[in-house]
Amino acid sequence: MTDTLLPPLLSARKVRKSFGGVEVLKGISLEVAAGQVMCLLGPSGSGKSTFLRCINHLERIDGGRISVDGELIGYAARHGRIFEMNRREVARQRGGIGMVFQRFNLFPHMTALENITAAPIGVRGLLKPAALARGRELLDRVGLADLAQSYPAQLSGGQQQRVAIARALAMDPKLLLFDEPTSALDPELVGDVLDVMRGLAADGMTMVVVTHEIGFARGAADEVVFMDGGVVVESGPPASVLDQPQNPRTKAFLDSVM
Amino acid sequence: MPNLPFARPGPGAPPVAAVPVGNDADVRDPDDIDAVPLRHPWRWVIAAALLVVFAAVAVSLWQNDNVNHPTISEFIFDRRILDGVVLTLVLTIVSMAVSTVLAVLLAVMRLSNNPVMNALSWLYIWAFRGTPLLIQIVFWGYLGLLYAQITLGIPFTDFSLFSVDTNTLIPAFTAGLLALTLNQAAYSAEIVRAGMLSVDEGQYEAAYSVGMSPTFTLFKVVLPQAMRVIIPPMGNETISMLKNTSLLSVIAVLEVYTVATQISSQNLRQVELLVVVSCWYLFLTSVLSIPQFYLERHYGRGNARTLPPTPLARVWAVLRPAPRPTIERADAP
């Protein structure tokens, strides 16, 4: 990752975030190059999900800076000063960063296809026929071509999560964030979702994945970051972090989940 | 033996195999329990007793000499009464429509992060929900006593764009509509707010994560889901509104109740005319529950796996039941 000449797609420097006096992120610094997959591991409460939510400004950071594709998230530099962005600019930035949630969060009043096309039509101003064609293509890509007209309540958890991935892809994001995408799924449904994610990784999508699936991290990640207590404890290629962890906390965590 | 499809085998006839066509569940299996359903004799007794009571009340009303039945039938379709019914309906529909738009605005203001909007919404709801509707109606009806002229200009200066007589600008009908609408908006705002609060936080996050603005999220994601929670109490409010229009009689708006009291003050048939208006109110409230059903059905899509059948579909199902599977017999020739 460090040997590339291009600037990193995602760059976080000394990111801090507190909730009601409790500091959950204590200066997170990391970089993800374009086309790379980073997996964030760590015990619950370690700040992984909070960090992920800071990347697309669902949470406002208290210190440090995050930039995606060279653009500061939530702030704009003008005339040598930094200004907080208004809601319209924040929305535009978020459109370029896809997010997949643990609880899917599909829009229940829309069909699978409508879930995917709502933002391209309403936000990007894509014409309906083009958006529908692209939506069907994405559904086909996640293996759900024949469920376009189903409502989320009629789909299994694994199918819902794959629709959610297609929804995120519909905005052609530069970066995809996954917040424990398989944690709410029955064990037999996890595989389908992970297969779709592996396919995306193979196609060169830049991804940051918070997960407990060590197998996925080992197979698909270019870099694994272990977080605990709001700091990055250890990071590196999966082979070194997962198989030869240096830090005792990493060792203890990996022993407990494997 | 001829090959008759439904002929019962006579005594001593060889057992025949039934070949089911269609639903297997309709074919009786020897292992199935053939039970007598639980009987409910008391339901019949109570129903019969209630029928007797209702019949007695109906007969006593019918035979009451203090009620002049021809008067009821004379006035139920009276021109003035019909005009009043139309005005009542117009007042109900217009005030509900306008107040709902206002209510969405107030609810969004109340839930926004903007402290000014928040306080303004709170103040509005506090004022309009905290005073009796009757007093608000009188207030708007007699606004001319408070401000004889209404002037549009710049405050604390002599500059004015125009100035009109209050009673010209706000006749009784407008005052009534204004009172009902502004009062209802305060109540509806709380219903809309409850509906919006019922939408999961994850829906906002999902909408924001695909780049939707807060306004777009409100109209495309939050309100359509909130509608499911909003519609039943709004149905209630609509029915209340229909009946509350009768309060406008205090400022002489010619809705159906005002008309009825005017007629009965001349012919002194108070009871008969109250029966006439009651019939109309009952009829209108019944009619108003029809759009509610279809609205609920529309906004319920996606929430249940199958939508409830429409009344028409129900009637259809009773009139033309699904064909029973026929059982063909394979008799030996």
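## A tour of the two-chain model

Begin by selecting strand 11 (residues 223-228) and strand 12 of chain A, which run antiparallel and are joined by five bridges. This is a predicted model, in which local features need a pLDDT of at least 70 and side-chain atom pairs count only at pLDDT 80 or more, while totals for chains, interfaces and linings use all residues. Residues are numbered from 1 along each chain as its sequence is written, and chains are lettered from A and ligands numbered from 1 in the order in which they are written. Helices (H or I, at least four residues) and strands (E, at least two) are DSSP runs, numbered from the N terminus; two strands pair if DSSP finds at least two bridges between them.

**Stop 1: the hairpin and its sheet in chain A**

Within this pair, A:Val225 stands opposite A:Ser235 of strand 12. The hairpin has two residues between its strands, and A:Gly229 there takes a positive phi near 60°.

Extend the selection to the whole sheet: six strands in the order 8-9-10-3-11-12 of chain A, open and with mixed pairing. Strand 8 (97-100) and strand 12 (231-236) of chain A each have a single partner strand and stand at the edges, so one side of each is left without a neighbour in the sheet. From one strand to the next, the twist averages 20°. At the strand 8 edge, four bridges join strand 8 to strand 9 (residues 175-179) of chain A, and these two run parallel. A:Met99 has A:Leu177 of strand 9 as its bridge partner.

**Stop 2: the four-stranded sheet of chain A**

Next, select the open sheet with the order 2-1-4-5 in chain A, whose four strands pair antiparallel. Its edge strands are strand 2 (22-32) and strand 5 (71-72) of chain A, each of which pairs on one side only. Strand 1 (residues 10-19) and strand 4 (residues 63-68) of chain A are paired over five bridges in the antiparallel sense, with A:Ala12 opposite A:Ile66 of strand 4. Add helix 1 (residues 48-55) of chain A, which lies across strand 1, strand 2 and strand 4 and runs at about 115° to strand 1.

**Stop 3: helices 5 and 6 of chain A**

Two packed helices are described by the angle between their axes and the distance between the axes. Here, axes are lines fitted to C-alpha atoms, for helices over the stretch in contact, and angles run from 0 to 180 degrees between N-to-C directions. Select helix 5 and helix 6 (residues 187-202) of chain A: their axes come within 8 Å and cross at roughly 15°. Helix 5 of chain A is therefore roughly parallel to helix 6 of chain A (angles under 35 degrees count as roughly parallel, over 145 as roughly antiparallel, 65 to 115 as roughly perpendicular and the rest as oblique).

To display the contact (two residues whose C-beta atoms, placed from the backbone, lie within 7 Å), show A:Gly157, A:Gly158, A:Gln161, A:Arg162 and A:Ile165 of helix 5 with A:Leu189, A:Asp192, A:Val193 and A:Val196 of helix 6. By class, this contact has four nonpolar, three polar and two charged residues (Ala, Val, Leu, Ile, Met, Phe, Trp, Tyr, Cys and Pro count as nonpolar, Asp, Glu, Lys and Arg as charged, and the others, Gly among them, as polar).

**Stop 4: across to chain B**

Now show both chains: 27 residues of chain A are in contact with 20 residues of chain B. On the chain A side, helix 2 (87-95), helix 3 (112-122) and helix 5 (157-169) of chain A give two or more residues each, and helix 2 gives the most, with six. This side divides into 15 nonpolar, six polar and six charged residues. The model scores ipTM 0.93 and pTM 0.82.

**Stop 5: helix pairs of chain B**

Select helix 3 (residues 79-111) and helix 4 (residues 115-130) of chain B, which pack at an angle of about 130° with their axes 7 Å apart. Helix 3 and helix 4 of chain B are therefore oblique to each other. Among the residues that meet are B:Leu106 and B:Met109 of helix 3, and B:Trp122 and B:Tyr124 of helix 4.

Then move to helix 10 (residues 214-244) and helix 12 (residues 270-299) of chain B, whose axes come within 10 Å and cross at roughly 175°. That angle makes helix 10 of chain B roughly antiparallel to helix 12 of chain B. Their contact divides into 10 nonpolar, five polar and three charged residues.

**Last stop: confidence in chain B**

Colour chain B by pLDDT, the predictor's confidence in each residue, from 0 to 100. Chain B averages 86, and 86% of the residues score at least 70. Over residues 1-10 of chain B the pLDDT is below 50, and this stretch has six contacts in the model beyond near neighbours in sequence. Where pLDDT is low, the predicted coordinates should not be read in detail.
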